[in-house]
Amino acid sequence: MQAVVAEDLVKAFGQTKAVNGMSFYVEEGEFFGLLGPNGAGKTTTIRMLTGVMRPDSGRIRILGMDIRKSPLEIKQRVGVIPEVGNVYPDLTGKENLVLMGRFYGIPAREREERADRLLQELGLAERSDDFVKSYSKGMRQRISIGCAMIHEPPLLFLDEPTEGLDVQSRRMITEKVKQMNRKGSTILLTTHNIEEASRMCQRVCIINKGRVVVTDSPERLRSTFEGLRSIEVAFDKKVDCSLFSSESCVARAEEAGDKVRIYTADPDEAIERIIAIKEKKGLKIISMATLGPSLEDVFVKLTEGKK
Amino acid sequence: MNYPLVARGVYVTARKDMRIYYRKAPVFIFGLILPTFLFLAFFVGRSLDIHTYFPGFLAMSLFFTASSVGPLIIPWEKQQGTFERLLTLPVNIPILVLGDTLAGAGFGLIITLIVFTVGALFLPLAIPIGMILALPLFFIVGNVCFASLGVLLSSPAGRVPANIMMLAALVRFPLIFISGIFVPLSQLTGSALAVTLFSPLTYLVDGLNGSMGGTAIMPLWLDLLVLLGFTLAFLLVASWTLERRALRGL
């Protein structure tokens, strides 16, 4: 069964169409990513899929139910971590989890047990009775994740869940979400962290200007764009990228930290030219690696094409 | 409609509001301190018959306290970013409106009962036997009505609670002057009486007057019916306004 089906979704704010005829589906048990630049329509799409906002037109089916006919029943079975969905700062971490448990109708003893377990798993057991207003951003986001998971939903929506978090919180959240997926929950994640999507998602849907650009697995998307291969070279001195971009076999060259990244459709010839330039300029190569296209390259290529 | 889900949503929302918002400073300032000062400003140093004015002052305290919680909740939730999370839970906007109303009414009811008890201790109130049921009915309906007015006042709100509390004060103040609190309704005639009929507070003042053995200008059942009508209108308009705002973005 498909856990999420979105058909021809349209949502406009005044004259601006935030979502303009978007269609995609998510299989049950799948880890699915919705990728797009800022303003692509990711958050509006999530808000429509989670019943926070009504689409102007189009159809949404969640876990086999029509969202127009059964919004409360759907919300009862999904967990959501909204983009700006905070937790209550005037309640303690545990009180927040218990409150969410009440909203989902979990019996008293069970919600206490689940709240304690989640606090343990999220590394917040020692701070469980402190008010959330004393928590760091990462700790608040961990509580937010716990609030979305307290009812163990079969479908979880995450809108940029690790945005701006410290490494420890990011890893903890990523691991918890992966664990939910391993246990059978369907995950729909929006992010503009392409590497995160690439690592976690089985399929990604790239959207731009409210439309779906492409939907496929990260690997297949990469292989479609083999022409975006590159060579990353580190020299012993700082080198001007324009040295390479004038070569006919080089599509473009750009700085990548202390390295130069040279995009080419013909790595063999490009390496020969790099060696020739190195000798001519008296440079020394510290390291060199040939790279396939990253999901970021694919993303940039696809979203650029639609601009 | 899934009634158990709706009932649970209303109950948990109200409980959450009671836990979080009853202790907020604006609720105390606009709900308790302000009506107390109004009472003192009107009464101290004047030889007024407290028996005549007590139902009016009770209505005023009920009105201020019941309508003080509602204006705070939604702007506060929007400011904290919890409003969007609430909408992802198994609730919808009418459920939130009902829950917030219930919380406001609860606060109003507690304070009304305290004021009434203090009044009953110091004043020999002569409540007719036949009105024993009418009085609690007016307490409940009045509190629900003005709590829903509080929610309505916050429904077109942005994210700054202070702005809405000011707006709410601007709406609430004129009402107390045109509702027979400072001038008994039975002494009003002509256009002054006609103006009072547009205020929902008039029907509570009249109902409490009648229930506490004073002179009511309308039958009590009519007062109750009008209060219920206002309640329904406030709830519907609050839900409609919030839904409209949600459609345009949160």
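In what order do the four strands of the open sheet in chain A stand? The order is β12-β13-β11-β14, and the pairing in this sheet of chain A is antiparallel. As a general point, the strands of a sheet pair through backbone hydrogen bonds, in either a parallel or an antiparallel manner. The model examined here is predicted, and its confidence values are therefore reported alongside its architecture, because predicted coordinates should not be read in detail where pLDDT is low.

For chain A the mean pLDDT is 89, with 97% of the residues reaching 70 or more, while for chain B the mean is 88, with 99% of the residues reaching 70 or more. Within chain A, confidence is lowest in helix α11 (residues 295–305), where the mean is 73, and highest in helix α3 (residues 93–103), where the mean is 97. For the complex, the predictor gives an ipTM of 0.88 together with a pTM of 0.84.

Chain A contains eleven helices and 14 strands, and its C-alpha trace spans about 75 × 45 × 35 Å along the principal axes. Of its 307 residues, 44% count as buried. Among the contacts in chain A that link residues at least 6 apart in sequence, 70% join residues at least 24 apart. The chain is divided into domain 1 (2–223) and domain 2 (230–291), and the centres of these two domains of chain A, taken over C-alpha atoms, are separated by 42 Å.

At the start of domain 1 of chain A, strand β1 (residues 2–13) and strand β2 (residues 16–27) run antiparallel and are joined by nine bridges; in this pairing, Leu9(A) stands opposite Met22(A) of β2(A). The hairpin formed by β1(A) and β2(A) has two residues between the strands, and Gly14(A) takes a positive phi near 65° there. Strand β1(A) also pairs with strand β4 (residues 57–62) of chain A, again in the antiparallel sense, over five bridges, and Val5(A) stands opposite Arg61(A) of β4(A).

The open sheet of four strands can now be described in further detail. Strands β12 (250–256) and β14 (285–291) of chain A stand at its edges, and because each has a single partner strand, one side of each is left without a neighbour in the sheet. Neighbouring strands of this sheet are turned by 20° against each other on average, when direction is ignored. The edge strand β12(A) is joined to strand β13 (residues 259–264) of chain A by six bridges, the two strands running antiparallel, and Ala256(A) stands opposite Lys259(A) of β13(A). Helix α10 (residues 267–281) of chain A lies across β11 (230–235), β12, β13 and β14 of chain A, running at about 20° to β11(A).

The contact between the two chains takes 21 residues from chain B and 24 residues from chain A. On the side of chain B that touches chain A, the helices α1 (3–21), α4 (82–88) and α10 (220–247) of chain B each supply at least two residues. By character, the residues on this side of chain B divide into nine that are nonpolar, seven that are polar and five that are charged.

Notes: Residues numbered from 1 in each chain as written. Chains lettered and ligands numbered in written order. Predicted model: local features only at pLDDT ≥ 70, side-chain atom pairs only at ≥ 80, totals over all residues. pLDDT = per-residue confidence, 0-100. Contact = placed C-beta atoms within 7 Å. Nonpolar A, V, L, I, M, F, W, Y, C, P; charged D, E, K, R; others polar. Pairing = 2+ DSSP bridges. Axes fitted to C-alpha atoms, helices over the stretch in contact; angles between N-to-C directions. Domains from an automatic or database assignment. Buried ≥ 20, exposed ≤ 12 C-beta atoms within 10 Å, placed from the backbone.
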